[in-house]
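Work through the exercises below with the structure open beside you. Each task is followed by a solution in steps.

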Amino acid sequence: MNKNQKDWIDITSGVNVRKCMRCGKCSATCPSYDEMEYHPHQFVYMVEKGDIEPLLNSESLYKCLTCFACVERCPRGVEPAKVIEAVRLTAVRQQGNNHLIPDRIPEMLDDDLPQQAIVTAFRKYTK
Amino acid sequence: MQTFTYYPGCTLRTKAKDLDTYARSSAEALGIALVEPENWQCCGGAYTTATNEVATKLSAVRTLIAGKDTDGLVTVCSACHNVIKQTNYDIARNESMQNKVKQYLELDEAYTGETTVYHYLELLRDVVGFDTLESKVVKPFKGKKIAAYYGCLLLRPSKALAMDNPENPTIMEDFIKAIGGTPVIYAQRNECCGGYITMEDKAQALKRSNAVMESAENMGADMIITACPLCLYNLKKNSCSEMPVYYFTELLAEALGLKENDNE
Ligand code: SF4
Ligand code: SF4
């Protein structure tokens, strides 16, 4: 396990992953549950164990909608979405690791798509 | 007359003009002055919760500073509202963030979270008052069953947004009552529409948006209202439902007699 990486994720998220009591409520309420390989409670648990590499390489990072349902509903105030955000940033902050490439944007557009979708995707998928 | 700083945000200038235009005309009719700051920048669409990111939060702080000398800062778009309120909440509690922002923006004094941020619905509830609004309605939505769609960004995280009860909100339903309509309560009203995932995973957006529309329709709704351009897009384009989707400001303006009735 990469201790520096775990420390960095803890600092970036501001979350104390040790508060988690593994009730699974965050994953139960997550609208992206079916799309995820690793679910919100697993992000919390795996970061606690320092098992971060599989998370960094998982598409699950880009399936979180940032809807804050898990943040609101966690009975222990763990705020799992902040852990996912910290892992995602660790991934996209690496050189050449942007998940969204500007050249791909035109094919995603249609006449009604609001700008908001594009700026949000950039904020979430790139650095 | 009270004067508020009004932040439209990028999408209200382009794809969501109706959300903006009717917010402005209705405020005027209700005796509220909205002043748009010069040279505002896009809020970024999503708040970065990372504690060690400052640069991505600067445009929201600029907007907050612009609101300092008025009665408050008003936003209409759910996403702008979410980003700006979360920024304000965090900076008020974090001295190191205050200092970094002060240096980045070359401020004379640090911004410490002193601006009050209102979503337009909060302006209606807390400043105008729903009773007063009701008394100014000339074309009530009598007999119309209207589903309020909160989505995720209006209410959560509730400790920062502090707008309403995050699981059992009433602000939009009270708005619907004030304009003469009948609110419809349904299970999916505060669940996500899929948001920006529509950019790369249409199937997921379809799944989420269908769930929302079906849930509202099953409870007998005639129409659904939102404050968010991306929700409107998803519910309209990424769902199989034909139920009309409107911005709440369209209904507001219509009820106040400021808009032709094309919502039939
Ligand atoms: S809801 Fe909170 S306590 Fe329960 S598993 Fe998720 S993070 Fe852990
Ligand atoms: S914020 Fe992300 S992880 Fe949490 S419930 Fe929403 S989609 Fe799931």
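## Exercises on a predicted model

Among contacts in chain B between residues at least 6 apart in sequence, 73% link residues at least 24 apart. The model is predicted.

**Exercise 1.** Describe the fold of chain B by its elements, its extent and its burial.

*Solution.*
- Step 1: Chain B has 11 helices and 8 strands.
- Step 2: Its radius of gyration is 18 Å, close to the 18 Å from the globule rule for 264 residues, so chain B is as compact as a globular protein of that length.
- Step 3: Along the principal axes, the C-alpha atoms of chain B fill a box of roughly 55 × 45 × 30 Å.
- Step 4: Of its 264 residues, 60% count as buried. Chain B exposes about 10100 Å², and carbon and sulfur atoms supply 45% of that area.

**Exercise 2.** Characterise the interface between chain B and chain A.

*Solution.*
- Step 1: Interface size is often expressed as the accessible area lost when the parts come together.
- Step 2: Between chain B and chain A, the buried area is about 4000 Å², with 53% of it from carbon and sulfur atoms.
- Step 3: On the chain B side, B:Tyr196, B:Met199 and B:Glu200 lose the most area to chain A, together 21% of what that side buries.
- Step 4: In terms of contacts, 48 residues of chain B touch 45 residues of chain A.

**Exercise 3.** Set out the class make-up of the shells around ligand 1 and ligand 2.

*Solution.*
- Step 1: Ligand 1 is surrounded by 13 residues, the closest being A:Cys20, A:Cys23, A:Gly24, A:Cys26 and A:Cys74.
- Step 2: That shell holds 8 nonpolar, 2 polar and 3 charged residues.
- Step 3: The shell of ligand 2 includes A:Cys30, A:Cys64, A:Cys67, A:Phe68 and A:Cys70. Helices α5 (69-73) and α6 (80-92) of chain A each give at least two residues to it.
- Step 4: Around ligand 2 there are 11 nonpolar residues, 1 polar residue and no charged residues.

**Exercise 4.** Place the backbone exceptions at A:Phe68, B:Glu106 and B:Pro157.

*Solution.*
- Step 1: Most residues other than glycine have a negative phi, and most peptide bonds are trans.
- Step 2: A:Phe68 has a positive phi of about 65° and sits in the loop between α4 (53-56) and α5 of chain A. Its relative accessibility is 3%, so A:Phe68 counts as buried.
- Step 3: B:Glu106 has a positive phi of about 50°, in the loop between α4 (95-104) and β4 (117-119) of chain B. At 69% relative accessibility, B:Glu106 counts as exposed.
- Step 4: The peptide bond from B:Arg156 to B:Pro157 is cis, with omega near -10°. B:Pro157 lies in the loop between β5 (145-148) and α7 (158-161) of chain B.

Technical notes
Residues are numbered from 1 along each chain as its sequence is written. Chains are lettered from A and ligands numbered from 1 in the order in which they are written. This is a predicted model: local features need pLDDT of at least 70, side-chain atom pairs count only at pLDDT 80 or more; totals for chains, interfaces and linings use all residues. Side-chain values use heavy atoms; hydrogens and water are left out. A residue is near a molecule or strand if one of its heavy atoms lies within 4 Å of it. Helices (H or I, at least four residues) and strands (E, at least two) are DSSP runs, numbered from the N terminus. Ala, Val, Leu, Ile, Met, Phe, Trp, Tyr, Cys and Pro count as nonpolar, Asp, Glu, Lys and Arg as charged, and the others, Gly among them, as polar. The radius of gyration is taken over C-alpha atoms; the globule rule is 2.2 Å times the number of residues to the power 0.38. Buried means under 20% relative accessible area, exposed over 50%, partly exposed in between (1.4 Å probe, protein chains only). Contact means heavy atoms within 4.5 Å. Accessible areas come from the Shrake-Rupley method with a 1.4 Å probe; for residues, only the protein chains shown count as cover. Buried area is the accessible area (1.4 Å probe) that two parts lose on being put together, summed over both.
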